[in-house]
Every structure is written in structure tokens, then in C-alpha cells.
Amino acid sequence: MLLAPLAQTLTERSGSVPLWAARAPGRVNLIGDHTDYSQGFALPMGINLYTLAVATPSTAGSESIRILSTREGEARLELSGEDSRSGDWTDYLRGVLQQYRQRGIQVPAMDVVIGGNLPLGAGLSSSASVELCFASLIELASSQALPTMERALLCQQAEHDYAGVPCGILDQFAVSFAKENRAMLLDCRERSIQSLRLPSQLSIAIVDSRVRHELADGGYAARRGEVEAAQEQLGKSLRDASVDDLPEITDDIIRARARHVISENDRVLAFAAALASDDRQTAGRLMYASHESLSRDFAVSCDELDTLVEAAREAGAPGARMTGGGFGGSMIAFVNVGDEAEFARLINKRFSGAGFGHADIRWVEAVAGAKAWKWT
Ligand code: GLA
């Protein structure tokens, strides 16, 4: 179990056993990328790759949260006085803590050890996962449980304010509301969720392109700006626009961005209908179409991801696409049960043959969202 080594580290550091534990999954988006911040649709699920944390109250007199991240280092977050962005991994935690403090919630001083097996920066929402793991822990330690929606929105705000990424609600909602064995159709305007069965007889692969995206470095914000420009020209949300509106947009690039978003929303709804009738062929075709659109019209793919998706198609996978914000990150593929080994062989051959090295393939399942619990 992944938590046991974290608990041992905590005990070695603080001299006491954990009192609280928390975990949050990563997410993979099956379809519907760059649609959330224009009130559209997305269709993610939680995955069995996690951020985990254990914690214990600090000895008397401490006014801070002492954190050891087994993957990123040590930090101390102050519980009183001013706090500000530090420009590193701790901003996700600082941002979340700040949100609770602003709400007047008394967060106790504690020692925290945080770790997990969710790859960082691979397009699987490691930042939302860290935020929600820490938020769940804070709420348990402070005996203040917020409604799930409020917690998700609080973490989104933390990301805006502290990490400087103007993200939509996709990641925080997926990590918060995920259900075991289910994907979710997320309506980002209504903030409503419909739980959907996954197709039968399919395995889900995530392949890391190993190109590390930095959403904070401007590409994401630039795309968001382009989508806003399109909405301004049309005088309405892209959620309410159709392809017939596209000729009204004069700039070629802005028109292409809008074409992606409008067509992607249609694909998400068609994908949800395909899942409802267990039609994996149609669902898979929509995934390939989504990739094409993200790569050509939205320009957020890269050679490594395009190569992976082509290789998946050649390997006979029913569906594959880049997933998440892009500029690197991961591909998701639907693979017929029984074809996993051959899929892995072919993907590796093609990926390493193109000079991109060994392909990192993970087989994932849909799991429940973030939670915290008493350790003892
Ligand atoms: C990132 C953002 C999300 C969403 C996706 C693209 O993951 O955090 O809000 O916009 O990119 O679908």
C-alpha cells in the first residue's frame, strides 16, 4: 500500500503516528478538451493514480504547516500573517490554504507528508489532485466539511490566484466528483454531472509523451484569450454557436480555434450517447476526430502526441487522442480487451523508432474522487 511508507516517514519526522490521511485521484479526459472555459462539455473520469497525504497535529506552539513532499521537497506554510506566491510547487498548497484562511476557517498547525504515484505534469491533473488532496486534509483536520462543489471551486480559485493558470472547472470537478467504474459528462455551464458507464470489453491506456507541459508558461492563457476573442466577435458563448456562425469570424486563427470548440462540444455529446448504447466504435472514432481537431485547429498537440495517436490507429485501437491541456502530456487510448500486449509492443516500436525513447504505458481504471479519513 502506497500510504504505509508515507506514514513511516511522518512518524520518523514528527515522532507521532498519522492522525489523518487523504487521497485524490488524477483524471483523464476521455473527450472534450479546451471546452470547459467557454461553458461547454467535457467527459472525464478519475484514474487509479493518486496524490496521497498523511498528517498529524504539530507539537504545541507551532504556527505553521510543515510539509514534506516525497517528490518535490520541503516547505513551511504559515497559518497567520501574509502569504504570497513563491513560484514553485508549493503554490498549489499555499493557494488552497489561503482560500480556507480567507473563509475564516481555523486550520491547525500540522506535519504533513505528501506523495503518490500520479505522474507530475503529464496532463493527468496532478495539480488539481494535489489541491484536492490538501483541501480534503485541511477540512478533516479543521472539522469543517465544505460541500464538494464549493471545495472544487475553491481549488480552481487557488490555481487561478497562486499558480497563475486561468483554468476552467474540468480538472477540479473530475478529481472531486469522480465515481468508481464511471465516467462523467460534465456540463460546465450548468455545473452538472451525469454519470456514464464505460464501454464493455475495453481497456484504457494512458501513454505519456514525456513532453512536460507548463500550463503556466502562457500557451494555455493564449488559447483561452483566442476563445474569448471568438466569443466577442460572435457576441455569444461558443457553447451556443454552431459551425454556421464561423464565417463571421474574420481572423483565420481565431476561426480555427472556434471551430475546434464548437465541433468538440458536439463530439462530447455524441460520445456520451455512444457510451449510453455501449457503442465503442463510434466513441473511438470521435476520439480520433477530437485529436485531429486539437492538433490542427487548436494547435495544442506536438509531434510526440501525434506519433502516439497515429501508432494507436495503426495498432487497431478503437479510439485515441491527446488528453488535457496539451503542449505535451499524455495520450488516452481505448484498446480492445486481449489486444493490450500487442498494442504496447506496437506503440513502443513506433515511439522509440521515431527517436522519442521508450513509451510509458499505464493501464487505468475509473475510481472515486478525493477524500480524507481518520487514520486510526
Ligand atoms: C487544463 C485545464 C482545464 C481544461 C484542460 C483542457 O487541464 O486545467 O481546465 O481547460 O486543460 O481541456
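The ligand is surrounded by 13 residues (each with a heavy atom within 4 Å of it). Asp-33, His-34, Asp-36, Asp-171 and Tyr-220 are the closest. The model is predicted: local features need pLDDT of at least 70, side-chain atom pairs count only at pLDDT 80 or more, and totals for chains, interfaces and linings use all residues. Residues are numbered from 1 along each chain as its sequence is written, and side-chain values use heavy atoms, without hydrogens and water.

By class, the shell comprises 5 nonpolar, 4 polar and 4 charged residues. Here Asp, Glu, Lys and Arg count as charged, Ala, Val, Leu, Ile, Met, Phe, Trp, Tyr, Cys and Pro as nonpolar, and the others, Gly among them, as polar.

Oxygen atoms of the ligand pair with polar side-chain atoms (N or O atoms within 3.5 Å). For Asp-171, the distance is 2.6 Å. For Tyr-220, a polar side-chain atom lies 2.6 Å from a ligand oxygen. For Arg-27, the corresponding distance is 3.2 Å. Taken alone, the ligand exposes 300 Å², of which the protein buries 98% (Shrake-Rupley method, 1.4 Å probe).

Two loop residues other than glycine have positive phi values. Ser-125 has phi near 65°. Ser-125 is found between strand E5 (110–116) and helix H3 (126–142) (DSSP runs numbered from the N terminus, at least two residues for strands and four for helices). Ser-125 is buried (under 20% relative accessible area, 1.4 Å probe, protein chains only), at 7%. Phi of Arg-191 is near 55°. Arg-191 lies in the loop between strand E6 (182–187) and strand E7 (192–197). With a relative accessible area of 38%, Arg-191 is partly exposed (between 20% and 50%).

Key: Polar contact = N/O pair within 3.5 Å; in protein donor to acceptor, adjacent residues only side chain to side chain.
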